[in-house]
Amino acid sequence: MIKFLFKGVIRDRGRSVLPIIVVSIGAMFTVILHCWINGIMVESLTMNANFNNGHVKINTRAYAKEASQMPIDLAIIGVNKLTKELKLSNPDFDWVHRTRFGALIDFPDSIGETRAQGPVTGWAIDLFSSGSNEADRFNISEALVSGKIPAKSSEALLSIDLAQKFNIKPGEEFTLFGTSMDGSMVFRNFSVSGIVRFGSSAIDRGAIIIDISDAQLALQMEDAASEILGFFNTGKYNDEIANNIAASFNKKYASSMDEFAPEMITFKQQEGMADLLNISETMSSIFIFVFVFAMSVVLWNAGLLGSLRRFNEFGVRLALGEGKNHIYKTIIFEGVFVGLIGTMIGTAIGLLFSYILQEKGLDISGMMKNSTLMMPAVARASITPSAIYIGFIPGVLSMVLGSALAGIRIYKRKTASLFKELEV
Amino acid sequence: MENRSLISISNLSKRFKVGNGEFLALKNINLSIAEGEFTGLVGPSGSGKTTLLNIIGSLDIPSDGTAEVLGKSISTLSHKQAAMLRNLNIGFIFQTYNLLPVYTVFENVEFALLLQKKTFAERKIAVMEALDWVGLTDKVKSKPSQLSGGECQRVAIARAMVKRPQIVLADEPSANLDAKNSHHIVQTMKRLNKELKTTFIFATHDEKVMQYLDRIISLKDGEIEKDEFVNHAKNE
């Protein structure tokens, strides 16, 4: 019987072609959107972790409350000792300290007068220590548009938009104006060693990167930093482990009332990150639901039209002694078969497009110009194993649902009128 | 030896709702049809031929009275039991053939046996035998669209006969055929009736079919007007 049904589905184009096209399109879009959302989210999460959040992050309690202001006067003091302790107690992590700061930079003209001036966000990271992974974490070698990575004190990297805005080239000097940890005004000269483009408008708009030792000197933050970040050595975030480590760390300071006591939070606990982690799954679920619903309606109607076209066939089958239940089951079976074929075709095409999107990406920098979100300017897809099966959910489900709804008509068929109906 | 009765109908009436009222399609029908009969229900349109055929074929149930087919009371059968009765014991031939267009001649005839879960070897033997009865063994791979009307009806006869049913019900089987083909297909059925002892019941008002019938049951306004056995000596 199964072979008989296969032959019918394959030979009867009206029964298979339209549903296969509809299912293929739905499955294809599901796969592409799933891969694309997944790619953007993974890249966004990685960027956020690498640039801002780490997998776990330590600030003073006071700093954590005002973190968006980057208040270096509330920074952690004694970071070298604390970092050393963390490295000993949690060797599965790479522990680094950084300072984020707000400042003003001033570019002089040939006679020393201000040529250009603007606010910047500063990242002070460990660029000079041997064994430091910070340059790799910021992907600086890839991000370099011109110049080189700072190799000695008083060298800085400048973000591309800022460099273009002020027409700055590597080798030019600027003065950084800021406030020290004690609240006094400080300034220090730097030279631009290179121009970088990270691909995120939030960073490229106006950032400088300097070595942590330069920042400690310039901002008078000896043995201090605004944050200590921990990164899993595996590179992959594990919420359970991160939670355990944070709980264990915070336990030590639980009884302290000191607002400068350090406090560890996980990546997911940081503002907006839990939403970002969940959004990928939610978006995929929403797309699947939308496609299941839309395709079911189309396939239901296609099924109804098919039932009208196959009115005589079902009548003959009833007359020949096939039960209504059996006919209904065969309609569902045909639905599963067509759904599987359509999904396989749609998934293959979807994976192909996803691969192209993964390799080439889509430039969304125009949309991200004023965004404060740390997202990649080129949105790339990411093909994961789930992309192979995700299309089957809307593909097969919608076809079965459409067939099941359309097939209900068979139960309304009265055998008593078969002769009359079949005499047309 | 007298043939056993396959169909026994007593005091059968069938009413249909029409608007707020009722239409009496069959009135107090009493009838017995024995094994091997070649019987026709004849009469003008609306006389109740097809309604009676429906009830005998377990496609409908009587409003009053009883209809026993192969010892089973049609009124008491569930949908499943009625389907089973049709599947195993009753063949149908329609006016417009109603072959499944996407399947070959072989597959159309094979379908009834698929429902009976016969093996491919059993099906192949039975299908080729049935196609041999109707002279279409050379058309096994043809699609219905490649056949003439007469050939399509012969495939329909093979489909009805392939499961060796005890009863075949044919509703105006010659209505769409020319005279030559009409004679041909009725002669084929007559031959099968004689060779296999299959009971054929026709609903017809075609003179060409009537001349082959052994028994003519005339219906008028839902009642049996005349029930007579025909002497074919003059035809032979």
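Helices (H or I, at least four residues) and strands (E, at least two) are DSSP runs, numbered from the N terminus. This is a predicted model: local features need pLDDT of at least 70, side-chain atom pairs count only at pLDDT 80 or more, and totals for chains, interfaces and linings use all residues. Residues are numbered from 1 along each chain as its sequence is written, chains are lettered from A and ligands numbered from 1 in the order in which they are written, and side-chain values use heavy atoms, with hydrogens and water left out.

**Exercise 1.** Work out the fold content and compactness of chain B.

*Solution.* Start with the secondary structure of chain B: seven helices and ten strands. Next, take its radius of gyration (over C-alpha atoms). That comes to 18 Å, close to the 18 Å from the globule rule for 236 residues, so chain B is as compact as a globular protein of that length. The rule itself is 2.2 Å times the number of residues to the power 0.38. Finally, check burial (under 20% relative accessible area, 1.4 Å probe, protein chains only): 57% of the 236 residues in chain B are buried.

**Exercise 2.** Sort the faces of helix H4 of chain A.

*Solution.* First, pick out the buried residues of H4 (residues 79-89): A:Val79, A:Leu82, A:Thr83 and A:Leu86. Now look down the axis of H4(A): these buried residues fall within an arc of 100° (directions from the helix axis to the C-beta atoms), so they line one face of the helix. Then flip to the face turned away from that buried side, where A:Lys81, A:Lys84 and A:Leu88 are exposed (over 50%, with partly exposed in between).
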